[in-house]
Amino acid sequence: MNTHKTSTDHDSRYYTETEIDERLNKINTDFGNRLTGIENCYFAAGYEIEDRNLNNTIFNGIYKTTPESPGLPWSSYGILLVFNTNGIHAANDGSWIMQLWKSTNVNNDYIYFRMNINYTGWSNWKKITLVTD
């Protein structure tokens with residue numbers, strides 16, 4: 001009862017240390033591959049803006065934009081925040097995608113907002129005014 005025969009005599013409910021290490025290494029490798037080369041994405045399930053186009057940016061995350069990024073409310077550097085109810089499974093019915101964008105221009109006191117419901121197309125950008133107390 002106190003002796004363990006071999007590392008292969010366990011049932012499928014349990015894993016050996018080697019099996020755990022292999023699984024963890026795969027997770028770390030997959031995650032690392034998703035983050036490789038993402039210079040314009042600060043946090044987002046490992047994705048960057050497709051073609052630098054905000055209209056194609058549908059994955060949850062925080063993104064840096066440039067004045068040349070298609071889909072901006074106006075040409076400026078800025079930060080884009082994306083919320084998607086389906087996370088990384090975005091391009092389908094049932095997706096409610098919201099984008100918030102803020103210019104880094106200190107003379108622009110607006111946050112811009114738009115939605116794409118069920119992946120049917122983007123609404124127009126709307127301004128949210130920031131006021132001080």
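**Exercise 1. Find how strands S2 and S3 pair, and which residue stands opposite Lys 64.**

Step 1. Strands S2 and S3 run antiparallel to each other and pair over five bridges. Keep in mind as you explore that this is a predicted model.

Step 2. Look along the pair for Lys 64: opposite this residue stands Ile 79 of S3.

Step 3. Now follow the side chains of S2. Gly 61, Tyr 63 and Thr 65 point to one face and are buried, while Ile 62 and Lys 64 point to the other face and are not. This fits a general pattern: side chains in a regular strand alternate between the two faces of the sheet.

**Exercise 2. Decide whether Asn 84 is buried or exposed, and find what its side chain meets.**

Step 1. Locate Asn 84 in strand S3.

Step 2. Its relative accessibility is 7%, and buried means under 20%, so Asn 84 counts as buried.

Step 3. A polar atom of the Asn 84 side chain lies 2.8 Å from the backbone oxygen of Ile 58.

**Exercise 3. Compare Pro 70 and Leu 72 in the loop between S2 and S3.**

Step 1. Pro 70 sits in the loop that joins strand S2 (61-65) to strand S3 (78-84), and Leu 72 is found in the loop between S2 and S3 as well.

Step 2. Pro 70 has a relative accessible area of 34%, so it is partly exposed. Leu 72, at 14%, is buried.

Step 3. Check what surrounds Leu 72. Beyond its neighbours within four places in sequence, Leu 72 is in contact with Leu 54, Thr 65, Thr 66, Pro 67, Trp 101 and Trp 125.

Step 4. For Pro 70, turn to Arg 52: the two are 18 residues apart in sequence, and their C-alpha atoms are 6.9 Å apart in space.

**Exercise 4. Trace the aromatic pairs that involve Trp 101.**

Step 1. Three aromatic pairs turn up in a search of the whole structure. Trp 74 and Trp 101 form an edge-to-face pair, with 6.3 Å between centres and 90° between planes.

Step 2. This pair links distant parts of the chain, 27 residues apart: Trp 74 is in the loop between S2 and S3, and Trp 101 is in strand S4 (residues 96-103).

Step 3. Trp 101 has 0% relative accessibility, so it counts as buried. Trp 101 also pairs with Tyr 112 in a tilted arrangement, 5.7 Å centre to centre and 50° between the planes.

Step 4. Put the picture together: ring pairs link Trp 74, Trp 101, Tyr 110 and Tyr 112 into a cluster. Lys 127 lies over the face of Tyr 110, 4.4 Å from the ring centre.

Key. Residues numbered from 1 in each chain as written. Predicted model: local features only at pLDDT ≥ 70, side-chain atom pairs only at ≥ 80, totals over all residues. Heavy atoms only, no water. Helix = DSSP H or I, 4+ residues; strand = E, 2+ residues; numbered from the N terminus. Buried < 20%, exposed > 50% of the residue type's maximum accessible area, 1.4 Å probe, protein only. Contact = heavy atoms within 4.5 Å. Polar contact = N/O pair within 3.5 Å; in protein donor to acceptor, adjacent residues only side chain to side chain. Pairing = 2+ DSSP bridges. Phe/Tyr/Trp six-rings, centres within 6.5 Å; stacked < 30°, edge-to-face > 60°. Lys NZ or Arg CZ within 6 Å of the ring centre and 35° of its normal.
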